[in-house]
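Got your viewer ready? Here is a short tour, with something to select at each stop.

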Amino acid sequence: MKTEWLESFLATARTKSLTKASEQLHLTQPALSKQMRNLEEDLGVTLLIRSATGVRLTKAGEILFTEIQPVLQEIRSIQKKILSTKETSKLTIGTWPSIASFYLPYKIAKAKEVQKEVNVKITYKFDEILNLLANSEIDAALIDDRLVKHSYWSKPIFSENFCLFVNQLHPLACERHVYFRDFKNEPLVVLPPPCDVRMLVEQAYKLENEELLIASEVDFGQSIIGFISANLGISVLPEIFTNQIDHSTVKVLPIVDFKTKRRISLVTPNADVGKLIFSLILL
């Protein structure tokens, strides 16, 4: 009986859906179904009753769901203690400015608890991050690796929506949310092409068979927020940028039908290092 089967079972039991659980676990539905069959065969019982509307637990499934959660928590704790004994005491992670500013600091604080020093290298281009990985200048990267080809170990960490950022004086600022059609013909303030945000926004426009109109191109996300604050343009940015705005001057609007999300993954040439970073810092 593998712990990954049990983790998948818990996700399925909580969501009551193989489809939703597979999305959470970043597995295909057939792969998740196979794990559930393997778990049931290993235990010799039926755990899930499947139907067109989802799944529900059998009596055996309810017992496993209740009893296995504290066991898995203890296993994770043991794994964390074992990994913390590895000789690696210093880790370097490469990532984008937005991740380095508003996501990693809170995670790095956890590493201090297990005496791990974590350094961060900030870059703006995919080729720079991949070169840093190839040259062993960084141990891992936090990027949306769906946009580049590589052969490294990778684990999805989180996904975020894109939002429309406008000045409070902009006509759309009175809305609670917007649709793509509401701003598709307005020029945007954007980041340069080698950045994942720029690539994902262009991808979203292509999916709508529309051309991305550019008002200004700047190197820093904070500069884009400055442009918007001065009412010099609007932008489409990941929601993590919400952390650096003055809400008295900038309005953030959810885009109801935007077809692209940013998915940040942990990428590293060494799977053991990746598991160490995930367990000690990102979990």
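Before the first stop, one cut-off: angles under 35 degrees count as roughly parallel, over 145 as roughly antiparallel, 65 to 115 as roughly perpendicular, and the rest as oblique. Keep in mind, too, that this is a predicted model.

**Stop 1: helix 1 and helix 2**

Select residues 3-15 for helix 1 and residues 18-25 for helix 2. Their axes come within 8 Å and cross at roughly 130°. Helix 1 and helix 2 are therefore oblique to each other. Look at the handedness while you're here: helix 1 and helix 2 make a right-handed crossing.

Now show side chains. On the helix 1 side, pick Ser8, Ala11, Thr12 and Thr15; they meet Leu18, Lys20, Ala21, Gln24 and Leu25 in helix 2. Colour that contact by class and you get 4 nonpolar, 4 polar and 1 charged residues.

**Stop 2: add helix 3**

Keep helix 1 on screen and add residues 29-43, which is helix 3. At what angle do the axes of helix 1 and helix 3 cross? Roughly 110°, and the axes come within 9 Å. That angle falls in the 65 to 115 range, so helix 1 and helix 3 are roughly perpendicular to each other. The crossing of helix 1 with helix 3 is left-handed.

For the contact, select Glu4, Trp5, Leu6, Ser8, Phe9 and Thr12 from helix 1, then Leu32, Gln35, Met36, Asn38, Leu39 and Asp42 from helix 3. By class, this contact of helix 1 with helix 3 has 6 nonpolar, 4 polar and 2 charged residues. Ser8 and Thr12 deserve a label: they belong to the contact with helix 2 and also to the one with helix 3.

**Stop 3: helix 2 against helix 3**

Hide helix 1 for a moment. The axes of helix 2 and helix 3 come within 9 Å and cross at roughly 105°. Helix 2 and helix 3 are therefore roughly perpendicular to each other. To see the contact, pick Leu18, Thr19, Ala21, Ser22 and Leu25 on helix 2, with Gln29, Leu32, Ser33 and Met36 on helix 3. The count for helix 2 with helix 3 is 5 nonpolar, 4 polar and no charged residues.

Bring helix 1 back and look at Leu32 and Met36 of helix 3: they touch helix 1 as well as helix 2.

**Stop 4: the second largest pocket**

Next, jump along the chain to an open site. Pro97, Ser98, Tyr124, Phe220 and Gly221 lie nearest the centre of the second largest pocket, so select those as a landmark, then widen out to the 18 lining residues. About 220 Å³ of space lies in this pocket.

Which helix gives the most to the lining of the second largest pocket? Helix 5 does, with 4 residues. Show helix 5 as 97-102 alongside helix 10 as 221-229, since each supplies at least two lining residues. By class, the lining of the second largest pocket splits into 11 nonpolar, 5 polar and 2 charged residues.

**Stop 5: the two cavities**

Last stop, the enclosed spaces. The structure holds 2 cavities of 30 Å³ or more.

The largest cavity has about 60 Å³ of space. To find it, select Leu188, Val189, Val190, Leu191, Val197, Arg198, Val201, Ile224, Ser235, Val236 and Leu237. Two or more lining residues come from each of strand 7 (188-190), helix 9 (196-207) and strand 9 (235-238). The lining of the largest cavity divides into 9 nonpolar, 1 polar and 1 charged.

The second largest cavity has a volume of about 40 Å³. Select Phe180, Ala204, Glu208, Asp257, Phe258 and Lys259 to outline it. Its lining has 3 nonpolar, no polar and 3 charged residues.

Note on methods. Residues numbered from 1 in each chain as written. Predicted model: local features only at pLDDT ≥ 70, side-chain atom pairs only at ≥ 80, totals over all residues. Heavy atoms only, no water. 1 Å grid on protein atoms, 1.4 Å probe; cavity = no way out; pocket = protein on both sides within 12 Å on 5 of 7 lines; lining within 4 Å. Points joined across faces, edges and corners; volume = space filled by probe spheres on them. Nonpolar A, V, L, I, M, F, W, Y, C, P; charged D, E, K, R; others polar. Axes fitted to C-alpha atoms, helices over the stretch in contact; angles between N-to-C directions. Left-handed = near helix turned anticlockwise from the far one by under 90°. Contact = heavy atoms within 4.5 Å.
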